[in-house]
Amino acid sequence: MSPRPRIGITLDADASGRRYELPRGYVEAVLDAGGLPILLPHAVDVAGAYLSLLDGLVVSGGDFDLPPELYGEARRPGCGPSRPERTRFEKDLLEAALAARLPVLGVCGGMQLLDVVRGGTLWQDLPGEAGLHGHEQPAPKDVPSHEVTIAPGTQLAALSGAGPLMVNSTHHQAVREPGPGVLVSARAPDGVVEAIELPDLPFALGVQWHPEATRDDPRHAAIYRGLVDAARSLRR
């Protein structure tokens, strides 16, 4: 049996900063796809050492916002609390992973960070700035609540199929201006960017929803399988 590709998953932290947290769906999605999950604490000084262990990376989401200073803007009303320690670690790790051409999947806030490190900007608050609602669904969070349209000819389309896909939605921020070279591969009916990818890399994909929470649908499970398959190819 070939070794499972080692997939790093960034952890969240509780509001006190004393506990790491992660929904089980991330771990189970990587396991189901044939990967070996490696959970990553927010240790900036050893980000490079962690990266050297990995064949692929998942930058997970969480209940916080990216500091707008990262994309050259002042904080505006509606922008929520940040997690500076986590963001520093994830930014360093993600930039190093992209430079090493490591397969990367950004989920929700992880997708937003993927855009920001490539020079993009964010809506700080979709309802307040863009007048767009319906992207923060109430519980249960694992039930699809709106449609996205996946663009044909994209890496996401190769995994999940082009056209409409029902997704869950737990965000109030979103990609505003894609960074240079960032390809938008899915949008919601109101135009909100729901997936991005970096065509200059073998596998660098971001999705605004949580496919690990809806992995019973094979079109969502295919996203994690694509990451793990790309990581497996890297090991050969």
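Which residue stands opposite glycine 106 in β13? Glycine 206 does, and that pair is a handy place to begin a walk through this predicted model.

Let's stay with the strands for a moment. Glycine 106 sits in strand β6, which covers residues 104-107. Its partner glycine 206 belongs to β13, a strand made of residues 204-207. β6 and β13 run parallel, and four bridges join them. β6 also pairs with β5: here there are three bridges, and again the two strands run parallel. If you want a landmark for that pairing, look for leucine 57, whose bridge partner in β6 is valine 104. To get from β5 to β6, the chain passes through α3, and this β-α-β crossover is right-handed.

Now look at the side chains along β6. Val104 and Gly106 point one way, while Leu105 and Val107 point the other way. Whichever way they point, all four of these residues are buried.

That brings us to the nonpolar interior. In soluble globular proteins, nonpolar side chains tend to be buried together. Here the largest nonpolar core has 29 residues, and the members touching the most others are Leu57, Leu93, Leu94, Leu98 and Leu198. Several elements feed this core with at least two residues each: α2 (47-53), β5 (56-59), α3 (84-99), α4 (109-117) and β12 (193-197). There is also a second, separate core of 27 residues, with Ile9, Val107, Val148 and Leu205 among its members.

Leucine 98 is a good residue to zoom in on. Ignoring neighbours within four places in sequence, leucine 98 is in contact with Val104, Leu114, Val117, Leu198, Leu201 and Ala204. One of these contacts, Val104, is the β6 residue we met as the bridge partner of leucine 57.

Time to turn to charge. Side chains of opposite charge can pair when their charged atoms come close. This structure holds twelve salt bridges, and three of them make a nice tour.

Start with arginine 86 and aspartate 12, whose closest N and O atoms are 2.9 Å apart. Arginine 86 is in helix α3 and aspartate 12 is in strand β2 (residues 12-13), so their bridge ties together parts that lie 74 residues apart in sequence. Both partners are tucked away from the surface: arginine 86 is buried at a relative accessible area of 1%, and aspartate 12 is buried at 10%.

Next, stay in helix α3 and find lysine 91 and glutamate 95, which form a salt bridge with an N to O distance of 3.1 Å. They are four residues apart in the helix, so about one helical turn separates them. Lysine 91 counts as partly exposed, at 26% relative accessibility, and so does glutamate 95, at 33%. Salt bridges can also link up by sharing partners, and in this way Asp12, Arg83, Arg86 and Glu90 are joined into one network.

The last stop is helix α1 (residues 24-32), where arginine 24 and glutamate 28 sit four residues apart, about one turn of the helix. Their side chains meet in a salt bridge at 3.0 Å, N to O. Arginine 24 is exposed, with a relative accessible area of 65%, whereas glutamate 28 is partly exposed at 24%.

Technical notes
Residues numbered from 1 in each chain as written. Predicted model: local features only at pLDDT ≥ 70, side-chain atom pairs only at ≥ 80, totals over all residues. Heavy atoms only, no water. Core = buried A, V, L, I, M, F, W, Y, C linked by side-chain atoms within 4.5 Å. Buried < 20%, exposed > 50% of the residue type's maximum accessible area, 1.4 Å probe, protein only. Contact = heavy atoms within 4.5 Å. Salt bridge = Lys/Arg side-chain N within 4 Å of Asp/Glu carboxyl O. Pairing = 2+ DSSP bridges. Right-handed = clockwise from strand over helix to strand, strands pointing away.
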